[in-house]
Amino acid sequence: MVTLRETISNIKADFQRRLLLEGKRPSLLNKLRICVKQGMVGVILYRVSHFCVYNNLGFLTRFLSIIELLYCKNEVSPMAIIGPGLVFEGVAIGICSSAIIGKNCTFLGRNTLSLGMIEGVDLNKDAITIGNYCVLGSGARVMRPINIADGIQIKPNSVVMLTETKQGCSLFGIPARRRRIDSIEKITQWNPLLGIPIAEVK
Amino acid sequence: MSQSTRQTIALLRLDMKMRCDYENKKLTWLRALRFCFLHATLSSIIYRLQVFFFYHYLKPLASLLSFINIIFFAVKIDSSAKIGPGFVMLHANFITIGANVIIGKNCILGHQNTICASPFYCEENLEADDVKTYLLEDINANKAPIIGDHLMMGGGSVIFGNITLGTHVKVSMNSAVDKSFPDHAVLLGVPARNVAKQSDQK
């Protein structure tokens with residue numbers, strides 16, 4: 001069950017993170033400026049349609065998805081569960097209904113998270129789970145039921161076919177292979193921007 | 001680098017001439033008129049005008065033109081990117097060129113290309129003691145790629161990070177380039193490697 005208050009607080013967190021990402025002050029004019037951008041519109045439409053699906057207003061998502069497709073070229077399923085602080089940097093992002101994504105993740109455009117193309121997947125059970133502070137580069141794809149740890153960086157144009165990842169590495173290649181980043185393991189605090197380790201910004 | 005009126009007209013003419021050279025045709029007035037209604041050339045014309053207004057104290061108009069480019073063609077080119085004469089986009093959709101990118105003359109882009117500074121956390125950019133002082137300004141100051149003349153990019157390919165590419169570089173379809181390469185390189189794969197023969201590299 002998704003309440004209205006939860007939806008509004010999530011949208012506020014998205015605005016805050018986007019403003020931090022672009023290095024602007026959180027004034028009303030800057031918020032209006034950001035509101036027009038394709039990525040932000042995509043995030044807001046996802047939040048609203050996610051609220052509608054769980055409150056018996058499912059018919060509204062038809063119209064919202066048309067606006068989403070025309071304006072931001074996204075196809076984000078309203079059934080997907082995404083935490084606060086989501087940023088869509090580019091366009092053409094497809095997220096399937098069985099995705100569970102943590103807080104403060106970044107999608108840089110042309111991403112696909114899907115399970116439909118693979119045999120032997122039970123769509124009711126399996127899920128794509130992505131942790132907090134992850135970054136998906138432009139063109140990065142995830143095509144298997146997977147459990148991605150916190151702070152993983154998936155580099156551009158890589159296709160992830162693993163089933164599990166440890167903390168403290170980046171994924172690159174087709175199929176994606178692990179590359180260690182040792183200093184990430186030691187760091188306990190994360191910057192909400194781009195999954196970069198620093199002191200937490202409130 | 002400012003861009004005067006005469007320079008803008010020359011750049012527009014050279015862009016059209018490069019496009020005609022690609023199609024093995026001569027540049028005539030009729031063909032130039034036709035290019036104003038072809039979506040690929042139209043978006044490059046809009047980009048040149050955007051840069052012209054950006055350097056002549058008309059930033060609202062520049063942001064309006066970039067907004068038109070984003071909405072109609074999903075082409076997002078930053079005003080601070082420096083692109084030489086003869087800039088051709090074969091299919092203008094989902095192209096992103098980030099801030100402070102430098103590209104030489106006569107470059108040809110396909111569709112769904114991305115050229116940007118690295119959005120990821122990499123160890124090269126900071127030393128061990130610097131972790132706490134690595135703030136947002138430093139991420140924005142990440143150095144963007146510098147690319148020589150006669151670049152050819154296939155569809156879906158990505159160039160990112162603090163790298164330099166030589167002249168006459170060809171990037172194959174759906175590859176991701178994250179290292180520096182010399183002149184006459186042919187890049188293929190994720191991550192990209194040079195597959196040019198020794199005899200060709202002259």
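Visitor: How are the five strands of the open sheet in chain A ordered, and what is the pairing?
Guide: In this predicted model, the order in chain A is E1-E4-E7-E10-E13, with parallel pairing. Strands here are DSSP runs of E with at least two residues, helices are runs of H or I with at least four, and both are numbered from the N terminus. Two strands pair if DSSP finds at least two bridges between them.

Visitor: Which are the edge strands?
Guide: Strand E1 (75-76) and strand E13 (159-160) of chain A, each of which pairs on one side only.

Visitor: How many bridges are there between E4 and E7 of chain A?
Guide: Two: strand E4 (residues 94-95) and strand E7 (residues 112-113) of chain A pair in the parallel sense over them. Ile95(A) has Leu113(A) of E7(A) as its bridge partner.

Visitor: Any ground rules on numbering and confidence?
Guide: Residues are numbered from 1 along each chain as its sequence is written, while chains are lettered from A and ligands numbered from 1 in the order in which they are written. As the model is predicted, local features need pLDDT of at least 70 and side-chain atom pairs count only at pLDDT 80 or more, whereas totals for chains, interfaces and linings use all residues.

Visitor: Thanks! Where does Arg144(A) lie?
Guide: Arg144(A) is in the loop between strand E10 (141-142) and strand E11 (147-148) of chain A.

Visitor: Why does Arg144(A) count as partly exposed?
Guide: Because it has 16 C-beta neighbours inside 10 Å. With C-beta atoms placed from the backbone, 20 or more others within 10 Å make a residue buried, 12 or fewer make it exposed, and anything in between is partly exposed.

Visitor: What is Arg144(A) in contact with, leaving aside neighbours within four places in sequence?
Guide: Ile118(A), Val160(A), Met161(A) and Thr163(A). A contact means that the two C-beta atoms, placed from the backbone, lie within 7 Å. Val160(A) is 16 residues from Arg144(A) along the chain, and their C-alpha atoms are separated by 7.4 Å.

Visitor: Switching to helices: at what angle do H3 and H4 of chain A pack?
Guide: At about 170°, with the axes of H3 (residues 38-53) and H4 (residues 60-72) of chain A 10 Å apart. So H3(A) is roughly antiparallel to H4(A). Axes are lines fitted to C-alpha atoms, for helices over the stretch in contact, and angles run from 0 to 180 degrees between N-to-C directions. Under 35 degrees counts as roughly parallel, over 145 as roughly antiparallel, 65 to 115 as roughly perpendicular and the rest as oblique.

Visitor: What classes of residue are in that contact of H3(A) with H4(A)?
Guide: Ten nonpolar, five polar and one charged. Ala, Val, Leu, Ile, Met, Phe, Trp, Tyr, Cys and Pro count as nonpolar, Asp, Glu, Lys and Arg as charged, and the others, Gly among them, as polar.

Visitor: And how do H1 and H2 of chain A cross?
Guide: Helix H1 (residues 4-22) and helix H2 (residues 28-35) of chain A cross at roughly 95°, their axes coming within 11 Å. That makes H1(A) roughly perpendicular to H2(A). Phe15(A), Arg18(A) and Leu19(A) of H1(A) make the contact with Asn30(A), Lys31(A) and Ile34(A) of H2(A).

Visitor: Over to chain B: what is the strand order in its open sheet of five?
Guide: E1-E4-E7-E10-E13, with parallel pairing. Its edge strands are E1 (75-77) and E13 (176-177) of chain B. Two bridges join E10 (residues 158-160) of chain B to E13(B), and Ile159(B) stands opposite Val177(B).

Visitor: What share of each chain counts as buried?
Guide: For chain A, 42% of the 202 residues; for chain B, 36% of the 202 residues.
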